[in-house]
Amino acid sequence: MSRFLKQSVLLTAVVGLLLVLTLMATGTAQATLIAYDGFSGYTDGNLNGQGQGTGWYDNWATGGAGTTTVTSAEGLTYDPLLTQQGLGTATVGGSSEANAIRFTNTSMSSGTVYFSQLVQLRELPAGGGPIMVQLVGQAGSDRGIALHVGWVTTPPNLIWRVNVNDGSGSTAASTGITSTLDTTFLVGRIDFDADGGNDKVSFYVNPDLDVEPATADAVVTNRNIGAMNGYRICVTQANHSMKVDEIRIGTTWADVTPIPEPGTLALLATGLIGLLCYAWRKRK
Ligand SMILES: [Ca+2]
Ligand SMILES: [Ca+2]
């Protein structure tokens, strides 16, 4: 075999191997994600009846007298979180409510479950009910884990807090972190009790992506929640709206805090440069 032919065979093998490794890496990153919606691929306008992403049992169903819309012209970002263009916005007109709910293919009732999302309040609430995103456990119900904006004591001390409703009552825990009009990355974690007892719910506001913080910003440990099988956006504050994006439900911290994979082209370029160096050294 000529040297040129040998190098061609080697080149083909290396490029093929890089492609396989790239595909494997991409597949691994998504393999354990229970559900994802980055609001890409939707038709602009009313979110009701539409559905994209992965891991969902049905499409979005909107409720309340307000509206929930989707737009492809925007997208919330939280560097370096992996994101898609497009986002959803729940808007309350007057004093009513706007909500949107979607169920998952997977029912979650054991082990550890994480859910993350980007949210942006469009106005700071002046009073009234909560503005929230939540994992829910019953069709048509808002019972479940709610991550929402609420009062500390008196206005305008708005804070992020977690609220857990298990059907017999609810417990709220404050993060002490003031809510702003900036894009905020919220992560919820549920540790289901293996013996059917009370479950632990942890809440993180704007955490680092690479490693789960050792201490959560708020924790609730005295509620016994059932199976979670849905996700809900809800604004009950008069004349307010909230943007929601990059909804992820998974079983590990890494599932719900992904950063972009090294690009295929970057990997190929690295491989080719290495190969050229090898060929050059062989010639000498
Ligand atoms: Ca998006
Ligand atoms: Ca339990």
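The chain of this predicted model has an average pLDDT of 86, pLDDT being the predictor's confidence in each residue on a scale from 0 to 100, and 79% of the residues score at least 70. Two segments fall under 50: residues 18-24, with five contacts beyond four places in sequence, and residues 26-31, with three such contacts. Residues are in contact if their C-beta atoms, placed from the backbone, lie within 7 Å. Where pLDDT is low, the predicted coordinates should not be read in detail.

Local features were accepted at pLDDT of at least 70 and side-chain atom pairs at 80 or more, whereas totals for chains, interfaces and linings use all residues. Residues are numbered from 1 along each chain as its sequence is written.

Strand β10 (residues 158-165) runs antiparallel to β11, to which six bridges join it; strands are DSSP runs of E of at least two residues, numbered from the N terminus, and pairing requires at least two DSSP bridges. Within this pair, Thr178 of β11 stands opposite Ile159. Four residues lie between the strands of the β10 and β11 hairpin, in which Gly167 adopts a positive phi near 100°.

Ser179 is located in the loop that separates β11 (170-178) from β12 (184-191). Ser179 counts as buried because 21 C-beta neighbours lie inside 10 Å, the threshold being 20 or more other C-beta atoms within 10 Å, with C-beta atoms placed from the backbone. Beyond four places in sequence, Ser179 is in contact with Leu121, Val149, Leu158, Ile159 and Trp160. Trp160 is 19 residues from Ser179 along the chain, and their C-alpha atoms are separated by 5.9 Å.

Definitions and conventions. Chains are lettered from A and ligands numbered from 1 in the order in which they are written. A residue is buried if 20 or more other C-beta atoms lie within 10 Å of its own, exposed if 12 or fewer, and partly exposed in between; C-beta atoms are placed from the backbone.
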